[in-house]
Amino acid sequence: MKTKTQTRTNGSHTVKSATRSSKSSKETLEDIFEGTLKDIYWAEKHLTKALAKMSKAAYNEELKDAFDTHLEETERQIGKLEKCFELLGKKAVAKKCEAMEGLIKEGEEQIEEHDEGHPRDAALIGAAQKVEHYEISAYGTLRTMANVLGMTQCAEILEEIKDEEAVTDVKLSELADKINNLACEVDEEEV
Ligand code: FE
Ligand code: FE
Ligand code: FE
């Protein structure tokens, strides 16, 4: 809720009074929840394309598999989000997520700026983990809102997606250990 401080001069006195914006008072938590859902819906839809590109760019087979598996999971997550919109009684609409657009761009930059190999794979994992962390945070927020709004089934779905993102993050951390070591060996060979 936005509180505006108004300052006006009353003779020799300066009077400060707090007024509430009339627009914000009409907004409900349900509106915020719906907006946040639209944001992550946009993000997931765009991630399917991004994950396909990451998989194509991955040099390591295990990393390629991890991206492919998460791509399939992401497609199912889109369906789960559509179920949430249905439970909310609203149409599934995507609203551009500026943050995810930027994170996807960072991943694409790694592909464009570096040659295929273990070092670029390490950079791809870094970009992918930034995405997973954004998702974990977004789904945590959404799950809490759904619970407060009494939307238990919705909250369960959102918690389930949050867990999938967390498992993916752990898997990427394990791959990062392996691939960063391989990238180091490449560096040593070149010395
Ligand atoms: Fe996701
Ligand atoms: Fe966003
Ligand atoms: Fe994800």
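Student: How do I read whether E159 is buried or exposed?

Tutor: Accessibility is sorted into classes: buried means under 20% relative accessible area, exposed over 50%, and partly exposed in between, using a 1.4 Å probe and protein chains only. E159 has a relative accessible area of 28%, so the residue is partly exposed. Keep in mind that this is a predicted model, in which local features need pLDDT of at least 70, side-chain atom pairs count only at pLDDT 80 or more, and totals for chains, interfaces and linings use all residues. Side-chain values use heavy atoms, with hydrogens and water left out, residues are numbered from 1 along each chain as its sequence is written, and chains are lettered from A and ligands numbered from 1 in the order in which they are written.

Student: Which residue forms a salt bridge with E159?

Tutor: Side chains of opposite charge can pair when their charged atoms come close. The rule here asks for a side-chain nitrogen of Lys or Arg within 4 Å of a carboxyl oxygen of Asp or Glu. E159 pairs with R143, with 2.6 Å between the closest N and O atoms. This pair links distant parts of the chain, since E159 sits in helix α5 and R143 in helix α4, 16 residues apart. Helices are DSSP runs (H or I, at least four residues), numbered from the N terminus.

Student: How many salt bridges are there by this rule?

Tutor: The count comes to 10. One of them joins E164 and K80, at 2.7 Å from N to O. E164 belongs to helix α5 (residues 152-190) and K80 to helix α2 (residues 61-88), so this pair ties together parts 84 residues apart in sequence. E164 counts as buried, at 15% relative accessibility.

Student: What about K130 and E106?

Tutor: Their side chains form a salt bridge too, at 3.0 Å from N to O. K130 is in helix α4 (residues 118-148) and E106 in helix α3 (residues 98-113), 24 residues apart. K130 is partly exposed at 45% relative accessibility, and E106 is partly exposed at 32%.

Student: Which residues coordinate the iron ion (ligand 3)?

Tutor: Donors are N, O and S atoms within 2.8 Å of the metal (3.2 Å for Na, K and Ca); water is not among the atoms, so sites may look incomplete. For this ion, the donors come from H70 (NE2), E132 (OE, listed twice), E135 (OE) and E165 (OE), at 2.1 to 2.7 Å. E135 also coordinates the iron ion (ligand 1), and the two ions are 3.2 Å apart.

Student: How are E132 and E135 placed in helix α4?

Tutor: They are three residues apart, so about one helical turn separates them. Both are buried.

Technical notes
Helix = DSSP H or I, 4+ residues; strand = E, 2+ residues; numbered from the N terminus.
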